[in-house]
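Subject: Structure for your review

Dear colleague,

Please find below the structure that I agreed to hand over, together with its sequence. I would be grateful if you would read the notes beneath it with the model open.

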Amino acid sequence: MPELPEVESLAGFLRERAVERAIVRADITAISALKTYDPPISSLVGLLIDDVQRHGKFLDISAQGIHLVIHLARAGWLRWREEQSTGLVRPGKGPIALRVILDDGSGFDLTEAGTQKKLAVYVVRDLAEVPGIVRLGPDPFTLTLEEFSDVLKREGRVQLKGVLRNQSVIAGIGNAYSDEILHVAKMSPFKPASNLSADELQQLYDAMQETLRDAVDRSKGLAAQDLKSEKKSGLRVHGRKGQKCPVCGDIVREVSFADSSLQYCATCQTGGKPLADRRLSKLLK
C-alpha cells in the first residue's frame with residue numbers, strides 16, 4: 001500500500017508536471033471507485049490545476065476550487081504518461097479506474113490490481129466532504145515530541161504497531177513503515193503505547209522522523225513508475241521474512257493476521273524472543 005513517503009513523492013511529481021495545466025478529460029471507468037456525485041467528475045474539465053497536496057495517504061489535486069481526491073488503498077497506483085492515450089477505456093474492463101488527460105497531451109491513469117477494489121476517488125468543493133480526511137490524526141512531520149507523547153498516552157495499552165498505523169491517531173503511516181519505524185527504534189510491535197520511558201519515547205519519535213524523512217528523500221525526484229521499487233529496496237524488515245536483518249544478521253520473522261502480516265527482528269526488537277501468534281498478544285515463554 002502506498003504510504004506517506006510514496007504519496008508525498010507522487011504529490012511532488014504531479015506538482016512539477018500538472019500545476020498550471022488544464023484538465024481536458026477525466027473519465028471514470030470503475031464506477032465503484034467514485035465515492036461522490038456532486039459536483040460530477042465532468043466538472044473538472046476545463047479547470048486549471050493550481051496545487052497538489054498530501055493529506056495522510058490521500059492525494060489532493062486542486063483545480064480552481066474543486067478537489068480531485070485520491071486514496072490508492074492497498075493495490076492502487078498512479079501511472080503517468082507524457083503522451084496520454086486518448087482512447088476510450090471500456091468500463092469494468094482491465095485495471096484502469098480513472099483516466100485524466102491534460103492540455104499538453106500528458107496525463108495519468110489510476111489503476112488497481114487484484115479483486116478487492118478499494119481505490120477511492122472523490123470530487124468535492126471542500127475537503128471536509130471526504131470522511132477519511134476528516135478523521136485523520138496529525139501528520140508525523142508536524143508532531144512535536146510533546147504532542148507525540150500525548151498521543152501515545154491517550155492510546156493507553158494499545159500496542160505500538162496498532163497506534164502507528166491508525167490513521168485517526170497519526171496520519172500516513174501504514175503496515176510497512178510501522179514495521180520499519182519499530183525496527184529502527186528497537187521496540188516490539190506488541191509493546192503498549194503508554195509503557196514507554198522518557199528515553200524510549202525519544203527513541204521512537206526519532207525513529208519515526210528519521211525513517212519517514214529518509215524514505216521521502218530517497219523518493220524525491222523519482223518518476224512515478226519508480227517509486228514502488230524504491231520503497232521495496234529501502235525496507236529493512238518489512239516484506240523480508242526469512243532474510244537476514246541488516247543490523248544484526250538474525251533472520252527476519254513474521255506474525256500473520258487475517259488480512260496482513262508484520263515483520264520484525266527478534267534480536268533487535270524483542271530481546272531474542274520470537275513473538276507469539278497475534279491472538280495471544282504476548283511473547284512466547
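The notes below take the sheets, the cores, the helices and some backbone details in turn. Please bear in mind throughout that this is a predicted model.

The two sheets

One open sheet consists of 4 strands in the order β2-β3-β4-β8, and its pairing is antiparallel. Its edges are formed by β2 (49-55) and β8 (120-124); each has a single partner strand, so one side of each is left without a neighbour in the sheet. Direction ignored, neighbouring strands here are turned by 15° against each other on average. Within this sheet, strand β3 (residues 58-63) pairs with strand β4 (residues 66-71) in the antiparallel sense, over 6 bridges. In this pairing Asp60 stands opposite Val69 in β4. Helix α1 packs on the sheet and touches β2 and β3, and the direction of α1 makes about 175° with that of β2.

Another open sheet, also described by 4 strands with antiparallel pairing, has the order β1-β6-β7-β5. Here β1 and β5 stand at the edges, and because each has a single partner strand, one side of each is left without a neighbour in the sheet. The twist from one strand to the next averages 15°. Strands β6 (residues 96-102) and β7 (residues 107-112) form an antiparallel pair over 5 bridges. Val100 has Phe108 in β7 as its bridge partner. Helix α1 packs on this sheet as well, touching β5, β6 and β7, and its direction makes about 25° with that of β5.

The nonpolar cores

The largest nonpolar core holds 36 residues, of which Leu14, Leu59, Leu68, Leu78, Leu98, Phe108 and Leu110 touch the most other members. Helix α1 (residues 4-18) gives the most to this core, contributing 6 residues. Leaving aside residues up to four places away in sequence, Phe108 touches Leu14, Ile61, Leu68, Ile70, Leu78, Arg79, Trp80, Gln84, Leu98, Arg99 and Val100. Another core, of 28 residues, lies apart from the largest one; among its members are Val151, Val163, Met187 and Met208.

The helices

Helix α3 (residues 145-155) packs with helix α6 (residues 198-219) at an angle of about 110°, and their axes are 10 Å apart. The two helices are therefore roughly perpendicular to each other. On the α3 side the contact involves Leu145, Phe148, Ser149 and Leu152, which meet Leu201, Gln202, Leu204, Tyr205 and Met208 in α6. The residues of this contact comprise 7 nonpolar, 2 polar and no charged.

Ser149, a residue of helix α3, has a relative accessibility of 12% and therefore counts as buried. Ser149 and Gln84 are 65 residues apart in sequence and, C-alpha to C-alpha, 47 Å apart in space.

Helix α5 (residues 175-185) has 11 of its 11 residues buried, so it is largely enclosed by the rest of the structure. Among these buried residues are Asp179, Glu180 and His183. The elements that cover the buried residues of α5 include α1, α4 (160-164), α6, α7 (227-234), β10 (261-264) and α8 (266-269). Lys186 follows α5 and has a positive phi, near 60°.

Backbone details

Most residues other than glycine have a negative phi, and most peptide bonds are trans. The following places may therefore merit a look in the viewer.

- Asp38 and Pro39 are joined by a cis peptide bond, with omega about 5°. Pro39 is in the loop between β1 (23-28) and β2.
- Gln64 is not a glycine, yet its phi is positive, at about 50°. Gln64 is placed in the loop between β3 and β4, and counts as partly exposed because its relative accessibility is 48%.
- Ala73, another residue other than glycine, has a positive phi near 55°. Ala73 lies in the loop between β4 and β5 (76-81), and with a relative accessible area of 6% it is buried.

Yours sincerely

Terms used:
Residues are numbered from 1 along each chain as its sequence is written. This is a predicted model: local features need pLDDT of at least 70, side-chain atom pairs count only at pLDDT 80 or more; totals for chains, interfaces and linings use all residues. Side-chain values use heavy atoms; hydrogens and water are left out. Axes are lines fitted to C-alpha atoms, for helices over the stretch in contact, and angles run from 0 to 180 degrees between N-to-C directions. Angles under 35 degrees count as roughly parallel, over 145 as roughly antiparallel, 65 to 115 as roughly perpendicular and the rest as oblique. Contact means heavy atoms within 4.5 Å. Ala, Val, Leu, Ile, Met, Phe, Trp, Tyr, Cys and Pro count as nonpolar, Asp, Glu, Lys and Arg as charged, and the others, Gly among them, as polar. A nonpolar core is a set of buried Ala, Val, Leu, Ile, Met, Phe, Trp, Tyr and Cys residues joined through side-chain atoms within 4.5 Å. Buried means under 20% relative accessible area, exposed over 50%, partly exposed in between (1.4 Å probe, protein chains only). Two strands pair if DSSP finds at least two bridges between them.
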